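Visitor: I have a structure to look through. Can you take me around it by question and answer?

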Amino acid sequence: MLFAASLFVPAPAYAATCDDLYVPVTVALLPQTVHGRLCAPSGAKTVVVLIPGGTYNASYWDIGYTPETRSFRLAMNNAGIATLALDRLGTGLSSKPLSTLLSASVQATAAHQVVQAVRPRFAKVVVGGHSIGSAMAMIEAGRYRDVDGVLVTGMTHRMNLVSVIPTLAQMHPAPLDPATPGRDAGYLTTDPGTRYGAFHTPGPYDAAALAYDESTKDVFAATEAVDSLTLTTVVIPASQQITAPVLLVVGDDPNFCGLLGSDCSSPQALRASEAPYFGTSQLQTYILNGYGHAINYAQNAPRYFGVVGNWLKTLP
């Protein structure tokens, strides 16, 4: 099944209560803490556990600049769906271990423990991610099979290295950046003024949105990138083990679409390109045209938010 923008149906607004959760987890035999912001409308039966991408933290899912347009959290809550936006280990208010202890698998293990912690409260738990966070979500869902759905955004199984390599070259060690203190040199962040080209092009240039993005930027550990690629693209993908329904959403993303990436020319083409990598036949696809990698920042993001909300309500 493919999604089109015409499926967007405005939902009634629900008042949500937001709380900070600090979930104890054990990874690499060490105790850590994952911070998440849980926002739940009264009576919500479904929660989406959200993993941000590299150099982002939980704020990516609740963008404070024009939130009525760009906040995934607000859109889901208004549709009666709870959200739990995580700070990956090493970011935000979560524990900040040595960077060498982190990997996509470690982050997926931490996310699994968060899923288990919130499951008693909700009838359905969905894991979602953006970019490298999508890799972690797929590893979690494929390895543990403990979720009712998987939301993949900003990532496909075929990476356009011609675009990605220059983006990675614009990273520098976190200790060199006053915006990302307290991390060792294995943590990386973006050079000032480079986020539009890395994450937003070909979307329209919005100086205020980019200023917000720069002010909330975070880090990722170089070691996270290694197995996020090998376990989702190079070797047998972790997504082959997923049995739950999957919704995959991308924009006109130069990092994952095009000649060397996946075929994003239409939702049908994207599904044909991605279906061989998934173990579930319940793969649905949607393309948000007109924006790049960080699609939550798109001016037309409500179209994709509406598609996600409708999909969540159809999960068995």
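Guide: One definition to start: a residue is buried under 20% relative accessible area, exposed over 50%, and partly exposed in between. Keep in mind that this is a predicted model.

Visitor: Does cysteine 39 count as buried or exposed?
Guide: The cut-off for buried is under 20%. Cysteine 39 has 1% relative accessibility, so cysteine 39 counts as buried.

Visitor: And which class does cysteine 18 fall into?
Guide: Buried needs a value under 20%, and exposed a value over 50%. Cysteine 18 has 24% relative accessibility, so the class is partly exposed.

Visitor: Which strands hold cysteine 18 and cysteine 39?
Guide: A disulfide joins cysteine 18 to cysteine 39, with S to S at 2.1 Å. The angle about the S-S bond is 115°, and the link is right-handed. The pair ties together parts that are 21 residues apart in sequence, because cysteine 18 and cysteine 39 lie in strands β1 and β2.

Visitor: What is the handedness of the disulfide of cysteine 257 and cysteine 264?
Guide: The sulfur atoms of cysteine 257 and cysteine 264 are 2.0 Å apart. Cysteine 257 is buried at 10% relative accessibility, and cysteine 264 is buried at 12%. The torsion about the S-S bond is about -75°, so the disulfide is left-handed.

Visitor: What pattern do the disulfides follow?
Guide: The structure holds 2 disulfides. With bonded cysteines counted along the chain, the pattern is 1-2, 3-4.

Visitor: What is the strand order in the open sheet of 8 strands?
Guide: The pairing in this sheet is mixed. Its edge strands, β1 (16-27) and β11 (283-288), each pair on one side only. Neighbouring strands are turned by 20° against each other on average, direction ignored. The order is β1-β2-β4-β3-β5-β6-β10-β11.

Visitor: Which residue in β10 stands opposite threonine 153?
Guide: Strand β6 (residues 149-153) and strand β10 (residues 246-251) pair in the parallel sense over 4 bridges. Opposite threonine 153 in β10 stands valine 249.

Visitor: What angle does the direction of helix α4 make with that of β5?
Guide: Helix α4 covers residues 132-144 and packs on the sheet. It touches β3, β5 and β6. The angle with β5 is about 145°.

Visitor: Which helix gives the most to the largest nonpolar core?
Guide: That core has 55 residues. Val47, Val49, Leu84, Phe122 and Val150 have the most contacts inside it. The helix that gives the most, with 8 residues, is α3 (residues 104-118).

Visitor: Which residues is phenylalanine 122 in contact with, leaving aside its neighbours within four places in sequence?
Guide: Phenylalanine 122 is among the residues with the most contacts inside the largest nonpolar core. Its partners beyond those neighbours are Leu38, Ala40, Ala44, Lys45, Thr46, Val47 and Ala82.

Visitor: In the open sheet of 3 strands, what is the bridge partner of leucine 188 in β9?
Guide: The order in this sheet is β7-β8-β9, with antiparallel pairing. Strand β8 (residues 187-190) and β9 pair over 2 bridges. In β9, the partner of leucine 188 is phenylalanine 220.

Visitor: What distance separates the C-alpha atoms of tryptophan 311 and leucine 176?
Guide: Tryptophan 311 sits in helix α10 (residues 301-314). At 1% relative accessibility, tryptophan 311 counts as buried. Leucine 176 is 135 residues away along the chain, and the C-alpha separation is 42 Å.

Note on methods
Residues numbered from 1 in each chain as written. Predicted model: local features only at pLDDT ≥ 70, side-chain atom pairs only at ≥ 80, totals over all residues. Heavy atoms only, no water. Core = buried A, V, L, I, M, F, W, Y, C linked by side-chain atoms within 4.5 Å. Buried < 20%, exposed > 50% of the residue type's maximum accessible area, 1.4 Å probe, protein only. Contact = heavy atoms within 4.5 Å. Pairing = 2+ DSSP bridges. Axes fitted to C-alpha atoms, helices over the stretch in contact; angles between N-to-C directions. Disulfide = S-S within 2.5 Å.
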